[in-house]
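Student: Can we go through this model together? I'd like to know what stands behind the labels people put on it.

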Amino acid sequence: MRILFLLATVALGWAQYNPNTRPGRTSIVHLFEWSWTDIALECERYLAPNGFGGVQISPPSENVIITNPWRPWWERYQPISYKLCSRSGNEDEFIDMVTRCNNVSVHIYVDAVINHMCASGLGSENNATCGSYFNAKTRDFPAVPYSGWDFNDGKCKTGSGGIDNYGDLEQVRDCRLVSLLDLALEKDYVRSKIAEYMNYLIDIGVAGFRIDAAKHMWPGDMKAILDKLKDLNTDWFSLGSRPFIYQEVIDLGGESIKSSEYFGNGRVTEFKYGAKLGTVIRKWNGEKMAYLRNWGEGWAFMPSDKALVFVDNHDNQRGHGAGGASVLTFWDPRQYKMATGFMLAHPYGFTRVMSSFRWPRYFQNGKDINDWVGPPSFEDGTTKPVTINPDTTCGNDWVCEHRWRQIRNMVIFRNVVDGQPFSNWWDNNSNQVAFGRGNKGFIVFNNDDWYLNVTLQTGLPAGTYCDVISGQKNDDYCTGLEIDVANDGTANFQISNNDEDTFIAIHVDAKM
């Protein structure tokens, strides 16, 4: 019996690494600050037809309303209760979104803010998105309910009550992160209230959770919460399916807390991925794309089956979080598309694509002082809808990188080559590189300042292929470049350093 119990426990833990996406769908997209109504529409009209596996949504729980003078994006990370009403919509709209997205096999992953409540200095005069009363100064959150007994004020040993030294793991996990009231997660009552919230979301039909600020929670406390979670809703998931868990742990090295401490609970965000890839694509510090031959664990990243990877996220595209100036974003579109193309072609990790909104950047002393600006909004503070232009891009200051042809088609590329080995690497000892994925796909990059003209072994069957970066296959017509693969699997590739996109990708589903 003991052996059976241990096997069941191991299986339960490993199940939390599985994103629960429909077979053949291998990436998710973060629709940052989108409304539930717009996400439901996007699942049906765009994500499902183009092979996206799911959506990471912004936190759905009730949060404080901050007007100083406009509402910042980060108010979503200051919970007041676990009621489902936020800037993105109410509970009925949330349920409708989850149902409609699941019905087209695009699953929902909730950004779960469970480490803390709102900032400690907020009093009863402040508003919340559901209208719930709270008083952070007296630790009173009756809509949960939480009281002073449910926070770590007495456990934190710093004079400020906040984290003064990131080298002290007890401070990082027991003290307030930027004044946010730190929950006492070792208490079973607190664990149960959090699990109750997450289980309600599971009942509605969500497929998993991004655990915000996981680094600031003891791994054992988090495990105790995850152990209380239900299996996924069998209306959309197979019997016994467990929620996908990926934890926000910023570990660039040099601190007391390591990503590996959290592997037992699920996948972990690999922040070194985007930081290092940005440095390589920018050609900073003498880095070259030729060095990417052993990308992944060879760069001291976590094991591939533990990693959730991304080029940028909602924090570090604003200079927050981790990665520094090397992180590529939509503000650098040519390099950003190349980095995202590399990520989606390479087999390492489980991939998440970013979908952003624009804000009015204004720099003082090298810092963007408008990095706090919330989503595109009307004068009354309500979020503007995501409008779709005739060319399928987005309006109303929504960037929608996931709708860029190059990124959308690389999401499809990743689906086509899923399970195929990394193969046929080539480089010029500089910044021209190529590699294949078995006999299903091949990609070539020219990040040098001169023309590329080379014949390479692709591993693909002979025939004419449509380059899915410069265009795409529509029936028997290619709107972009056509690449001829010879009987021996070789093909000639020519990419100018002045081209709009300096990479080419072909796969078997784009064969003419």
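Tutor: Here is a run through the labels, each set against its cut-off; keep in mind that this is a predicted model.

Student: What makes the overall fold agree with a compact globule?

Tutor: The radius of gyration. For 512 residues a compact globule would come out near 24 Å, and the protein chain has 23 Å, so the two agree. The C-alpha trace spans about 75 × 65 × 45 Å along its principal axes. In terms of secondary structure, the chain holds 9 helices and 24 strands.

Student: How much of the protein chain counts as buried?

Tutor: 60% of the 512 residues do. The exposed area is about 19700 Å², with carbon and sulfur atoms supplying 51% of it. As for contacts with a separation of 6 or more, 68% are between residues 24 or more positions apart.

Student: Let's try single residues. Why is His507 called buried?

Tutor: Buried means under 20% relative accessible area. His507 has 4%, so it is buried. His507 sits in strand β24, residues 503–507. Beyond its sequence neighbours within four places, His507 is in contact with Ile412, Phe413, Val416, Lys440, Gly441, Tyr465 and Val468.

Student: And Phe357, why does that count as buried?

Tutor: Its relative accessibility is 0%, so Phe357 falls under the 20% cut-off. Phe357 is in the loop between β12 (350–355) and β13 (363–364). Its contacts outside the four nearest places in sequence include Phe32, Trp73, Arg318, Phe330, Pro375, Pro376 and Trp398. Ile225, on the other hand, is 33 Å from Phe357, C-alpha to C-alpha, and 132 residues away in sequence.

Student: Why is Lys473 labelled partly exposed?

Tutor: Partly exposed covers what lies between the 20% and 50% limits. Lys473 has 30% relative accessibility, so that label applies. Lys473 lies in strand β20 (residues 473–474).

Student: How do you know that Lys473 touches Met512?

Tutor: Contact means heavy atoms within 4.5 Å, and Met512 is among the residues that Lys473 touches, along with Cys466, Cys478, Asp509, Ala510 and Lys511. The C-alpha atoms of Lys473 and Met512 are separated by 7.5 Å, though the two are 39 residues apart along the chain.

Student: What makes helix α6 "mostly covered"?

Tutor: 6 of its 8 residues, within 219–226, are buried. Those are Pro219, Asp221, Met222, Ala224, Ile225 and Leu226. Their cover includes α4 (169–174), α5 (188–204), β8 (208–211) and β9 (244–247).

Student: What is unusual about phi at Arg139?

Tutor: Most residues other than glycine have a negative phi, and most peptide bonds are trans. Phi of Arg139 is near 60°, a positive value in a residue other than glycine. Arg139 is in the loop between β6 and α4, and at 16% relative accessibility Arg139 counts as buried, the limit being 20%.

Student: Which label does Asp397 get for its accessibility?

Tutor: Partly exposed: 45% lies between 20% and 50%. Phi of Asp397 is positive too, near 70°. Asp397 is found in the loop between β14 (367–368) and α9 (405–417).

Student: How do you know that the bond joining Val144 and Pro145 is cis?

Tutor: From omega, which is about 0° there. Pro145 is in the loop between β6 (127–128) and α4.

Student: On to the empty space. What makes a cavity differ from a pocket?

Tutor: In a cavity a 1.4 Å probe fits but cannot get out, whereas a pocket is open. The structure holds 1 cavity of 30 Å³ or more, and the largest cavity has a volume of about 50 Å³. Its lining has 13 residues, with Asn152, Arg173, Leu183, Leu185 and Asp221 nearest the centre. By class, the lining comprises 4 nonpolar, 3 polar and 6 charged residues.

Student: How big is the largest pocket?

Tutor: The largest pocket has a volume of about 660 Å³. It is lined by 24 residues, and Leu177, Val178, Leu180, Glu248 and Asp315 are the closest to its centre. The lining divides into 11 nonpolar, 7 polar and 6 charged residues.

Key:
Residues numbered from 1 in each chain as written. Predicted model: local features only at pLDDT ≥ 70, side-chain atom pairs only at ≥ 80, totals over all residues. Heavy atoms only, no water. 1 Å grid on protein atoms, 1.4 Å probe; cavity = no way out; pocket = protein on both sides within 12 Å on 5 of 7 lines; lining within 4 Å. Points joined across faces, edges and corners; volume = space filled by probe spheres on them. Nonpolar A, V, L, I, M, F, W, Y, C, P; charged D, E, K, R; others polar. Helix = DSSP H or I, 4+ residues; strand = E, 2+ residues; numbered from the N terminus. Rg over C-alpha atoms; globule rule 2.2 N^0.38 Å. Buried < 20%, exposed > 50% of the residue type's maximum accessible area, 1.4 Å probe, protein only. Areas by Shrake-Rupley, 256 points an atom, 1.4 Å probe, with all protein chains shown as cover.
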